[in-house]
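These are my notebook entries on charged and aromatic side-chain contacts. I set down each look-up in turn.

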Amino acid sequence: MFYRIALLLAAAGLLASLGSCSQRSEKEKNYSENRLQMERSAQAMLAEARAHLAASRTDSAAAVVQRMRKQCYLALDARREGILLMDSIDLLRARQSLALTDSLLRAGDSTATTADFEEACAKVHFYERKIKHDKSQP
């Protein structure tokens with residue numbers, strides 16, 4: 001008698017767990033479909049941001065990447081690409097700042113100092129190293 005009750009309880013537990021597995025897989029299926037849709041949307045946004053970057057419109061490029069991060073929160077692959085793209089945007093900004101500071105120093109403009117130039121050089125070096133590091137990550 002005890003074994004029959006234990007067997008019935010075990011069977012009931014197995015059926016309950018199978019039911020929850022089918023629900024979980026449905027959730028996972030929906031999650032996967034949503035993620036794939038967000039990945040496609042995010043890739044389109046990244047392409048737009050890259051076009052802005054190619055035209056040296058860093059503010060527009062950064063805004064698109066930020067929008068992608070918020071709207072496509074499940075697009076993990078695209079978000080990783082977005083990190084590299086933001087690094088590239090920041091590197092371009094740092095290089096532009098370095099070029100401006102250099103030209104001001106050469107012109108003898110008192111608004112730029114050698115400390116500003118050294119800081120701009122350090123930023124360029126930092127973003128170059130960061131991109132190299134981020135590309136080496138899986």
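The entries below cover salt bridges and then aromatic rings.

**Entry 1: the model.** I note at the outset that I am working from a predicted model.

**Entry 2: salt bridge count.** I asked how many salt bridges there are. The count comes to 12. I then looked up several of these pairs one by one.

**Entry 3: Arg 67 and Glu 48.** I found a salt bridge between Arg 67 and Glu 48, with the closest N and O atoms 3.4 Å apart. This pair links distant parts of the chain, since Arg 67 belongs to helix α2 (residues 58-71) and Glu 48 to helix α1 (residues 2-54). The two residues are 19 residues apart. I checked accessibility next: Arg 67 is partly exposed at 34%, and Glu 48 is partly exposed at 34%.

**Entry 4: Arg 80 and Asp 77.** I looked up Arg 80 and found a salt bridge to Asp 77, the closest N and O atoms lying 2.8 Å apart. Both residues sit in helix α3 (residues 76-107). Their separation is 3 residues, about one turn of the helix. Arg 80 has a relative accessible area of 45% and is partly exposed; Asp 77, at 38%, is also partly exposed.

**Entry 5: a network.** I asked which residues are linked with Asp 77 and Arg 80 in a network of salt bridges. The other members are Arg 35 and Glu 39.

**Entry 6: Asp 87 and Lys 130.** I recorded a salt bridge between Asp 87 and Lys 130, with 3.1 Å between the closest N and O atoms. Asp 87 lies in helix α3 and Lys 130 in helix α4 (residues 114-136), so this pair ties together parts 43 residues apart in sequence. I then asked whether Asp 87 is buried or exposed. Asp 87 is buried, at 3% relative accessibility, whereas Lys 130 is partly exposed at 26%.

**Entry 7: aromatic rings.** I searched for aromatic pairs and found 1 in the structure. The rings belong to Phe 126 and Tyr 127, and their centres are 5.0 Å apart. Their planes stand at 75 degrees, and planes over 60 degrees apart count as edge-to-face, so I entered the pair as edge-to-face. Phe 126 is partly exposed, with a relative accessible area of 39%. Tyr 127 has a value of 18%; because buried means under 20%, I listed Tyr 127 as buried.

Methods
Residues are numbered from 1 along each chain as its sequence is written. This is a predicted model: local features need pLDDT of at least 70, side-chain atom pairs count only at pLDDT 80 or more; totals for chains, interfaces and linings use all residues. Side-chain values use heavy atoms; hydrogens and water are left out. Rings of Phe, Tyr and Trp (its six-membered ring) pair if their centres lie within 6.5 Å; planes under 30 degrees apart count as stacked, over 60 as edge-to-face and the rest as tilted. Buried means under 20% relative accessible area, exposed over 50%, partly exposed in between (1.4 Å probe, protein chains only). A salt bridge is a side-chain nitrogen of Lys or Arg within 4 Å of a carboxyl oxygen of Asp or Glu. Helices (H or I, at least four residues) and strands (E, at least two) are DSSP runs, numbered from the N terminus.
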